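Visitor: Hi, could you walk me through this one? I'm new to reading structures.

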Amino acid sequence: MNSVVVGHIRTMDPMRPTAQAMAVVDGRIAAIGARNEIAARFGRDARTLSFEGGAILPGLIDTHNHLLRTAMQERLADLSQCRSVSDVLDAVAAYARANPDKPWIASGMGWHVVNLEEGRYPTRKELDSVCPDRPVYLPRVGHAAVANSRALRLAGIDRHTVDPLGGRIEKDEEGEPSGVLLARPAFDLVGRLVPPAALDEVLQAILDMQAKYHACGITGLIEPGLSREDFAAYRQLHEDGRLTIRTVAMPMAATGAGDDEMIADLQAWQGRTGQGDQRLKLGGVKVVLDGGASLGTSLMREPYPGDPCNCGIQVTQTETLHRLAEYCAGHGWSMGVHAVGGRAIDIVMSTFDAVDRLHPIRDLRFHVIHAYLWPSKGNIETAARLGIGVATQASMQYQFAPILVKRMGARAVGRATPIRDWMDAGVIVGGGSDSPVTPYQPLLGIWHAVTRWVDALTLVLGREQAISAQQALEMYTTNAAWLSFAEGERGMLKEGMLADWVSLAVDPLECDPHAIKTVKVQATAVGGELVHMAP
């Protein structure tokens with residue numbers, strides 16, 4: 001249905017920063033400008049949606065969001081509210097009792113060991129005490145997992161099992177596996193045995209979650225690390241006309257399979273970056289290079305303080321990364337590489353620089369994901385020179401600042417997540433959440449990028465890296481559209497572009513910055529169709 005949307009419109013278009021109304025015809029913006037002019041031209045044949053106060057913005061785009069994992073979290077053992085090992089055990093036991101027919105007891109990924117008062121994972125023996133008769137597998141945010149004895153036995157993991165390349169199997173004082181598995185090559189030994197959810201359950205989970213995303217202003221996202229089976233679920237929803245969140249799907253690179261097998265697996269996608277339409281398309285290839293900062297597994301230039309033998313884990317070997325990057329650049333694939341620690345960022349930038357000499361990558365929009373533990377001046381200059389983007393998550397610093405400050409000190413952590421430095425150098429920075437690692441609400445990320453305030457520490461962390469509200473909005477609109485290969489279609493409210501918009505009860509460019517986090521989302525539209533309307 002065609003419409004006229006009236007209110008204080010912040011277009012994110014530098015040629016027309018504000019407007020009073022816009023006309024939507026067949027899912028696109030037919031005109032934008034003064035209210036009287038738009039009403040006179042389009043008002044008779046269209047419904048009018050009027051919003052007093054606040055601001056209407058382009059729909060918000062999350063550049064790094066695991067919607068499918070977030071959606072499935074609520075259908076698995078939910079550990080997100082656990083605050084002790086005892087809480088974890090109770091949640092596992094309760095889920096096992098409530099699901100007596102499930103062959104495996106598995107959790108969602110959105111839980112954090114840093115939230116547990118003991119500051120450690122449960123052991124396999126502790127898990128055995130509440131569920132000895134079925135395998136238990138508790139993955140955590142894509143970089144670690146813990147398993148009980150039965151799951152370890154099924155995976156063939158015992159005291160004699162050596163660490164897989166790029167992963168770590170932790171052992172207890174007796175030399176037996178403790179149950180903790182660090183990095184994908186290790187936890188996949190167990191994870192690949194967990195039976196997949198039924199397709200109908202996956203489809204309904206995505207539908208339920210996309211409604212929640214729309215309610216917080218999200219109209220599009222980049223979903224990293226999907227399998228072909230995952231992508232098939234999105235394709236099914238798209239074909240059925242039920243996929244309302246614009247999705248850029250990043251295939252997960254099979255970097256642990258051997259280089260030839262890795263390339264063959266990518267070729268099996270039978271496409272390349274950009275294939276699809278504005279509702280569902282292929283994005284770049286997702287690669288995990290290192291672990292996570294809160295886990296002590298991000299790849300660092302120097303050992304972790306107080307842990308002189310630990311510089312983190314390199315999950316994907318440099319030679320493999322180079323082989324994949326060269327293939328992608330030569331065959332029209334983009335790439336997004338998870339790199340948290342400084343040494344990992346060094347490897348990514350060096351690899352991209354070398355590949356660019358063979359196949360220019362600027363138009364492919366290679367990007368580095370996270371990149372927050374002290375990228376060097378040289379890293380930032382390389383990114384600007386080659387047109388490498390950054391997918392950052394301000395909410396990640398907000399979430400993990402307490403443990404990082406305890407480990408590394410407030411001054412050092414304040415220099416992490418250097419959004420201003422990237423932007424000042426001309427690097428395009430997209431905003432995101434990495435949900436379920438951190439909360440998916442984009443206003444949380446916008447708020448923290450502006451204020452750098454950490455509630456748990458009651459301090460501003462890295463004030464010099466704070467950015468303006470305008471710049472923070474750009475991360476989730478114009479910049480995010482660029483990373484999505486969609487800057488000509490969305491990210492602005494401009495004649496001819498898709499009518500994806502969100503109405504906020506308060507204008508984030510005029511309010512107290514600390515109020516941004518709790519601004520109410522009044523309505524969200526995708527292609528001119530309302531997908532959320534607040535009561």
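Guide: Happy to; we'll go from the whole chain to a few single residues.

Visitor: What kind of model is this, and how are residues numbered?
Guide: This is a predicted model, where local features need pLDDT of at least 70, side-chain atom pairs count only at pLDDT 80 or more, and totals for chains, interfaces and linings use all residues. Residues are numbered from 1 along each chain as its sequence is written, and side-chain values use heavy atoms, leaving out hydrogens and water.

Visitor: How many helices and strands are there?
Guide: The protein chain has 18 helices and 24 strands. Helices (H or I, at least four residues) and strands (E, at least two) are DSSP runs, numbered from the N terminus.

Visitor: What is the radius of gyration?
Guide: For the protein chain it is 23 Å, which agrees with the value near 24 Å that a compact globule of 535 residues would have. That radius is taken over C-alpha atoms, and the globule rule is 2.2 Å times the number of residues to the power 0.38. Along its principal axes, the C-alpha trace spans about 80 × 55 × 50 Å.

Visitor: And what share of the residues is buried?
Guide: Buried residues make up 60% of the 535 in the protein chain. Buried means under 20% relative accessible area, exposed over 50%, and partly exposed in between (1.4 Å probe, protein chains only).

Visitor: Which helix should I look at for buried residues?
Guide: Try α16, residues 442-451, where 10 of its 10 residues are buried. Among them are Leu-443, Ile-446, Trp-447 and Val-450. Arg-452 follows α16 and has a positive phi, near 55°.

Visitor: What about α17?
Guide: Helix α17 (residues 469-476) has 6 of its 8 residues buried, so it is largely enclosed by the rest of the structure. The buried ones include Leu-473, Met-475 and Tyr-476.

Visitor: Back to α16: what does Pro-513 touch?
Guide: Leaving aside neighbours within four places in sequence, Pro-513 is in contact (heavy atoms within 4.5 Å) with Trp-447, Val-450 and Thr-451. Those three are among the buried residues of α16. Pro-513 is found in the loop between β22 (501-504) and β23 (521-526).

Visitor: Is Pro-513 buried or exposed?
Guide: Somewhere in between: Pro-513 counts as partly exposed, because its relative accessible area is 34%.

Visitor: New topic. Where is Asn-310?
Guide: Asn-310 is in the loop between β15 (285-288) and α10 (318-330). Its relative accessible area is 10%, so Asn-310 is buried.

Visitor: What does the side chain of Asn-310 reach?
Guide: The backbone oxygen of Gly-296, at 3.0 Å. Not counting residues up to four places away in sequence, Asn-310 touches Arg-168, Gly-296, Pro-303 and Tyr-304.

Visitor: Which peptide bond is cis?
Guide: One that is cis runs from Ser-435 to Pro-436, with omega near 10°. Pro-436 lies in the loop between β19 (429-431) and α16.

Visitor: You mentioned positive phi. Where is Asp-26, which has a positive phi although it is not a glycine?
Guide: Asp-26 sits in the loop between β2 (18-25) and β3 (28-33), and its phi is about 55°. Asp-26 counts as exposed because its relative accessibility is 72%.

Visitor: And what is the phi of Ala-183?
Guide: Ala-183 has a positive phi of about 75°, although it is not a glycine. Ala-183 is in the loop between β11 (177-182) and α6 (184-191). With 5% relative accessibility, Ala-183 counts as buried.

Key:
A polar contact is a pair of N or O atoms within 3.5 Å; within protein, one must be able to donate a hydrogen and the other to accept it, and residues adjacent in sequence count only if both atoms are side-chain atoms.
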